[in-house]
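Please look over the sequence and the structure shown below before reading on. The report then takes up the surroundings of the ligand, followed by some features of the backbone.

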Amino acid sequence: MESVEDLSLGPCTASQYLRPFRLRYRQNGISKIWDFMRSHDSVSILIFNTSRQCFVVVKQFRPAVYMCEMERKCPQNFERKKQETWNPLPNSLPASVGVTYELCAGIVDKPELSLEEIACREILEECGYEVPLATLKRITSYRSGVGVTGSKQTLFYAEVTDEMKASEGGGQPEEGELIEVVEIPLKDSMDFAYNESFPKTMGVIFSFMWFQTNVAPNLLEN
Ligand SMILES: Nc1nc(=O)c2ncn([C@@H]3O[C@H](COP(=O)(O)OP(=O)(O)O[C@H]4O[C@H](CO)[C@@H](O)[C@H](O)[C@H]4O)[C@@H](O)[C@H]3O)c2[nH]1
Ligand SMILES: [Mg+2]
């Protein structure tokens, strides 16, 4: 999983996933401009396996995270004069600097499906569990990337057991997804959440804390 080669950087003015725009407006009499991107809304799911008392999260290579590290270590690769065409990049950083721990998640790109249906499909595709639609619990929704995309992410909670495991998960290879399923034992989860040596999304940290307040007290009573 963690081998990334033949990197090259090219321009992207718009794509199926990102459309950049500039908005001109007047706020309280002051003229302003703001650059932003339109992208898909998304769902993410906190998965807790009650048989194993662990959270089920995913780990994957994120080009955007990798390229943040690339710019920090080798800023010359982002020089503007080179941006008009494809430019080879040195293999100077290990792929591991772009790998993050995340909740199982997916973009909302099928208008005919409900958020819950999309969430259940993502759980099966990425983590291999067959979760009944009605057992999914909506936690809340929030805006991610308010400066750049402002897209809405809706967070769900799913309890699973080993019996619900239907496949290995790992994402859809035909879409280029390469996902590692990782189990975080409940007892280690708060240390994991705050350990900065495991790069992760805010969704992981927030949802683990939500679990401590809303689910863990009920588990202890059993
Ligand atoms: N972004 C992109 N660029 C491409 O060039 C590009 N080329 C192909 N794709 C395809 O888009 C699909 C994206 O996969 P998911 O639907 O599982 O969505 P996630 O990537 O998991 O993203 C979610 O979860 C993240 C973590 O919580 C959040 O940050 C996001 O907001 C949230 O949407 C895959 O089939 C991938 O092959 C691209 N996707
Ligand atoms: Mg995903």
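## Surroundings of ligand 1

In this predicted model, two elements, β8 (104-107) and α2 (115-127), each contribute at least two residues to the shell around ligand 1. The element that gives the most is β8, which supplies three residues of that shell.

The residues that surround ligand 1 are Y17, S42, R62, E102, A105, G106, I107, E122, E126, Q153, E175 and E177. Sorted by class, this shell is made up of six charged, three polar and three nonpolar residues.

## Polar atoms at the ligand

Within this shell, a polar backbone atom of A105 is found 3.0 Å from an oxygen atom of ligand 1, and a polar side-chain atom of E126 is likewise placed 3.0 Å from an oxygen atom of the ligand. For E177, a polar side-chain atom and an oxygen atom of ligand 1 are 3.2 Å apart. Ligand 1 would expose 760 Å² if taken alone, and 62% of that area is buried by the protein.

## Positive phi values

Away from the subject of the ligand, the backbone can be considered at D6, which is not a glycine and yet has a positive phi of about 55°. D6 belongs to the segment that comes before β1 (8-9), and it counts as exposed because its relative accessibility is 78%, where the cut-off for exposed is over 50%.

N28, another residue other than glycine, has a positive phi near 50° and sits in the loop that runs between β2 (19-27) and β3 (30-38). With a relative accessibility of 77%, N28 therefore counts as exposed.

Methods: Residues numbered from 1 in each chain as written. Chains lettered and ligands numbered in written order. Predicted model: local features only at pLDDT ≥ 70, side-chain atom pairs only at ≥ 80, totals over all residues. Heavy atoms only, no water. Near = heavy atom within 4 Å. Polar contact = N/O pair within 3.5 Å; in protein donor to acceptor, adjacent residues only side chain to side chain. Areas by Shrake-Rupley, 256 points an atom, 1.4 Å probe, with all protein chains shown as cover. Helix = DSSP H or I, 4+ residues; strand = E, 2+ residues; numbered from the N terminus. Nonpolar A, V, L, I, M, F, W, Y, C, P; charged D, E, K, R; others polar. Buried < 20%, exposed > 50% of the residue type's maximum accessible area, 1.4 Å probe, protein only.
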